[in-house]
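Biologist: I keep meeting labels like "buried" and "edge strand" without knowing what earns them. Can we go through some on a real example?

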Amino acid sequence: MNTSTLIAPPAIVRRAEQHDTRAIQAQDSAHFIHPFTDHGDLATRGARVMTRAENIYVWDSEGHRILDAMSGLWCVNAGYGRKELADAAYQQLMTLPYYNSFFQTTNVPAVQLASKLASLAPVVGGRRFEHVFFSSSGSESNDTNVRLVRRYWDLLGQPQRKVIISRHNAYHGSTMAGASLGGMSGMHAQGDLPIPDIVHIEQPYHFENAQPGESAADFGRRAAGWLEAKILEVGPERVAAFIAEPVQGAGGVIIPPETYWPEIQRIVDQYGILLISDEVICAFGRLGHWFAYEKFGYRPDLVTFAKGVTSGYVPLGGVMVGDRVAQVLIEQGGEFNHGYTYSGHPVACAVALANLELMEREDLPGKVKNDTGPYLAQRFAELNEHPLVGVAETCGLVAGLVLVKDKATGETFDPDLGVGMKCRAHCFKNGLIMRAVGDRMIIAPPLVITRAQIDELMGLIRQCLDATLVQLRAEGLHS
Ligand code: PXG
């Protein structure tokens, strides 16, 4: 990439190297409640203090350079240090830092961004996305979806259609509705979740849920069939929508077999229920398309987005509202009593516009589809030879592998051994951020990653898998 577009780092570097890590960690422990964190554990270890970033690398307060193969948290699609995103924020902050979109007002960046998103959303099977609702996060957007689909069925005179079907091990956010839509058992175990009328089916994870010898294609059709079974169990007249990630992200990069989505489409069509594609991770080039439903060829009614829309530089999320819902909501709806202070925030929208223009100019979705995605697929597949790896798969620029005890039988480790966390510790030690979801190791690097950097990434992954294997053998956990 053109390094002149990076924010010049020298001043920041000098300050970063002067950070007093212990003092920051102590203050962090004293005052900062982190998301999804055991604070007793954090206090004894001390948080890793990130101080700066550039391209696909981040630096901590001790001066370590780390290859960020998770794009922050699946969001820094355009890579770090993109000056034009900072400029767009600054310009907008100086012009109109905030105004709301309630009370019959609007602002220019929000209008431009809504139009831009409508133009980027592919038309599949004649379905268009001409309308956008803005929020500040994926969670808020999925809360919006719950309200939208229930309002839609109310307006159509079918208020009994309230049930939303989701999947176990899905992630749809951390608010009451987001966590309920998600299928994370650890989240449901705290705070009486899920809320009423949200139910779950099993995920399409071939490695774990297929029968012995069952082909991926057969399994994909069978897994989609669980949706039909659930609709019949609940009663088709009570089902409002099905929500799913195109590829499950936080659940461990679960890539459905090719037969899955077409069968899901057939089922939602047959029962007339709405389809929500949660593309918080998968949109904006991550799978080689602006929106992932195009890759899999299905026709959602609502599309959740966040993260990559601004490459994570400022918070923004939203819902692409397809014609079917928009027509009812707008033509028959009257006032929809829903909205956030920051819906259509001018600074967030200005940054998103600059980000989408940058991605368009550098053709990041095309690069992932035709160049780096296939190259990562080829290099990642080589890991299938590794004695610790059960199966290694990619889709665009997300990838996941499962660590196994016995390669021949596919036997997995006792989850209590924390083998994934052991591997993650080797990654940190070797300058690589790779996420562990149980014993699945996953990556989602910035979309600006080059082939040479993919080679560097693969070298690090192999080194970390080797180090993990040595440790497991020493502990008598692997042959
Ligand atoms: N939907 C999907 C598919 C997501 O991945 C959300 C909704 C919620 O977005 P917000 O912006 O409210 O966080 C997400 C977020 C992880 C991890 O550990 C993943 C997410 C968030 C936090 C952690 O992989 N995804």
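Modeller: Sure, and keep in mind that this is a predicted model. Let's start with helix H14: what covers its buried residues includes E4, helix H7 (138-155), E8, E9 and E10. The buried residues themselves are Val325, Ala326, Val328 and Leu329.

Biologist: How do you know that H14 lies across strands, and which ones are they?

Modeller: Contact here means heavy atoms within 4.5 Å. H14 (residues 323-331) lies across E4, strand E8 (274-278), E9 and E10, and it runs at about 90° to E10. Helix H6 (residues 108-120) also lies across strands, namely E4, strand E9 (302-305) and E10. The angle between H6 and E4 is about 125°.

Biologist: What makes those strands part of a sheet, and in what order do they come?

Modeller: Strands of a sheet pair through backbone hydrogen bonds. In this model seven strands make an open sheet with mixed pairing, ordered E4-E10-E9-E8-E7-E5-E6. From one strand to the next, the twist averages 20°.

Biologist: Why are E4 and E6 called edge strands?

Modeller: Strand E4 (131-135) and strand E6 (198-201) each pair on one side only, and that puts them at the edges.

Biologist: How do you know that E4 really pairs with E10?

Modeller: Two strands pair if there are at least two bridges between them. E4 and strand E10 (residues 317-321) are joined by five bridges, so they count as paired. The two run antiparallel, and histidine 131 stands opposite valine 321 in E10.

Biologist: E4 seems to come up a lot. What does E4 give to the lining of the second largest pocket?

Modeller: Four residues, which is the most that any element gives to that lining. H6 and H14 are on the list too: along with E4, each supplies at least two residues. The pocket holds about 950 Å³ of space. It has 28 lining residues, and the closest to its centre are Ser101, Val132, Phe133, Phe336 and His338. Sorted by class, the lining has 15 nonpolar, 11 polar and two charged residues.

Biologist: Now the burial labels. Why is threonine 468 called buried?

Modeller: Buried means under 20% relative accessible area. Threonine 468 has 0% relative accessibility, so it counts as buried. This residue is in helix H18 (residues 451-474), and it touches Leu388, Cys423 and His426, leaving aside residues up to four places away in sequence.

Biologist: And why does glycine 420 get its label, buried or exposed?

Modeller: The cut-off for buried is under 20%, and glycine 420 has 0%, so it is buried. Glycine 420 lies in helix H17 (residues 419-429). Its contacts, again leaving out residues up to four places away, are Leu403, Ala436, Gly438, Asp439 and Met441.

Biologist: What makes phenylalanine 103 exposed and lysine 307 only partly so?

Modeller: Exposed takes over 50%, and partly exposed is the range between that and 20%. Phenylalanine 103 is at 68%, so it counts as exposed. Lysine 307 is at 24%, so it counts as partly exposed.

Biologist: What makes the phi of these two residues worth a mention?

Modeller: Phi is positive although neither residue is a glycine: near 50° for phenylalanine 103 and about 30° for lysine 307. Phenylalanine 103 is in the loop between helix H5 (83-95) and H6, while lysine 307 is in the loop between E9 and E10.

Definitions and conventions:
Residues numbered from 1 in each chain as written. Predicted model: local features only at pLDDT ≥ 70, side-chain atom pairs only at ≥ 80, totals over all residues. Heavy atoms only, no water. Axes fitted to C-alpha atoms, helices over the stretch in contact; angles between N-to-C directions. 1 Å grid on protein atoms, 1.4 Å probe; cavity = no way out; pocket = protein on both sides within 12 Å on 5 of 7 lines; lining within 4 Å. Points joined across faces, edges and corners; volume = space filled by probe spheres on them. Nonpolar A, V, L, I, M, F, W, Y, C, P; charged D, E, K, R; others polar. Buried < 20%, exposed > 50% of the residue type's maximum accessible area, 1.4 Å probe, protein only.
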